[in-house]
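Trainee: I should like to work through this structure by question and answer. May we begin with the terms and then turn to the sheet and the surface?

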Amino acid sequence: MRKIKDFIKDKKIDLKKLKEFGFKLIDNSYYYHTFLLKNQFKMTVKINLDNSIFTEIIDTETNEPYVLHLLEMKRNGYSEKVYKEYSEVLEKIKKKCFEDEIFKANYTKEIINYIKNKYGDELEFLWEKSPKNAVVRRKSSNKWYVVLLTISKRKISLNSDEIIEIINLHNNPEEIKKLIDYKKYFPAYHMSKKHWCTICLDGTVELKEIYRMIDISYELAK
């Protein structure tokens, strides 16, 4: 079987939808079988829990692997037809069985769940040029109360080019002054430093404290 690279980048598996689609769990991997070009080829898709995906096409007449569809420079009319049906199967699997996973940090995922469960609000991705940045609005006022960003540590005055996820939260100016220590709490990145602060979502501030600050930010967004 051949591994497909970057096919499901920034996606996460929905195991329930995999099963609904027709995948079967065998030895900790999910398998799906279908036929192409009126049963001339059998296509197998294997998906591992680490999001790696493998495919194989077998010529049903010879029982031999078929690979011409993968050789872009050598595709002719026939192999192009195989490639077209093969690609359609993969696109359908991606659409039906995977969800977007823009944010990777466990803290960020926990925060998104907290907001969804407590306030019923969803992330909004407003900037086409910054697809890994999102905001959350309070429904009653349409005002932002959470901003999630993916940036370099250097952007918040830390001496590193490591890419991290951060959260910007609204608070009272007096409280913001007390919080800023350039270790746990930073002046807000790309927002009013008087009314907002930035927290790195890497464990430096406990989730319970971040939840408390989200609640404050939500109240201030009336």
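Mentor: A residue is called buried when its relative accessible area is under 20%, exposed when that area is over 50%, and partly exposed in between. Please keep in mind that this is a predicted model.

Trainee: How many of the residues of strand 10 are buried?

Mentor: The cut-off for a buried residue is a relative accessible area under 20%. Strand 10 covers residues 144–152, and helix 3 (residues 106–119) lies across strand 9, strand 10 and strand 11. Helix 5 (residues 207–220) also lies across strand 10, along with strand 11, strand 12 and strand 13. Strand 10 is mostly covered, the number of buried residues being 7 of 9.

Trainee: What is the order of the strands in the open sheet?

Mentor: Strand 9 and strand 10 are antiparallel and joined by 4 bridges, while strand 10 and strand 11 pair in the antiparallel sense over 7 bridges. At the other end, 3 bridges join strand 12 to strand 13, again antiparallel. The open sheet has 5 strands, in the order 9-10-11-13-12.

Trainee: Which strands stand at the edges of the sheet, and why is one side of each left without a neighbour?

Mentor: Each edge strand has a single partner strand, so one side of it has no neighbour in the sheet. The strands at the edges are strand 9 (134–137) and strand 12 (185–187).

Trainee: Which residue is the bridge partner of Ser152 in strand 11?

Mentor: Bridge partners can be followed across the sheet. Arg137 has Trp144 in strand 10 as its partner, and Tyr185 stands opposite Ile199 in strand 13. For Ser152, the bridge partner in strand 11 is Ile163.

Trainee: Which residue in the hairpin of strand 9 and strand 10 takes a positive phi?

Mentor: This hairpin has 6 residues between its strands. The positive phi, near 65°, belongs to Asn142.

Trainee: Is Leu68 buried, partly exposed or exposed?

Mentor: Leu68 is found in the loop between strand 7 and helix 2, and it contributes to a nonpolar surface patch of about 260 Å² with Val67, Leu70 and Leu71. Val67 has a relative accessibility of 32% and counts as partly exposed. The relative accessible area of Leu68 is 37%, so Leu68 is partly exposed.

Trainee: How far apart in space are Leu68 and Tyr83, C-alpha to C-alpha?

Mentor: In sequence, Leu68 and Tyr83 are 15 residues apart. In space, the C-alpha to C-alpha distance between Leu68 and Tyr83 is 8.5 Å.

Notes:
Residues are numbered from 1 along each chain as its sequence is written. This is a predicted model: local features need pLDDT of at least 70, side-chain atom pairs count only at pLDDT 80 or more; totals for chains, interfaces and linings use all residues. Side-chain values use heavy atoms; hydrogens and water are left out. Two strands pair if DSSP finds at least two bridges between them. Helices (H or I, at least four residues) and strands (E, at least two) are DSSP runs, numbered from the N terminus. Contact means heavy atoms within 4.5 Å. Axes are lines fitted to C-alpha atoms, for helices over the stretch in contact, and angles run from 0 to 180 degrees between N-to-C directions. Patches are made of residues with over 30% relative accessible area and no salt bridge: like charges are joined within 9 Å, nonpolar side chains (Val, Leu, Ile, Met, Phe, Trp, Tyr) within 5 Å. Accessible areas come from the Shrake-Rupley method with a 1.4 Å probe; for residues, only the protein chains shown count as cover. A salt bridge is a side-chain nitrogen of Lys or Arg within 4 Å of a carboxyl oxygen of Asp or Glu. Buried means under 20% relative accessible area, exposed over 50%, partly exposed in between (1.4 Å probe, protein chains only).
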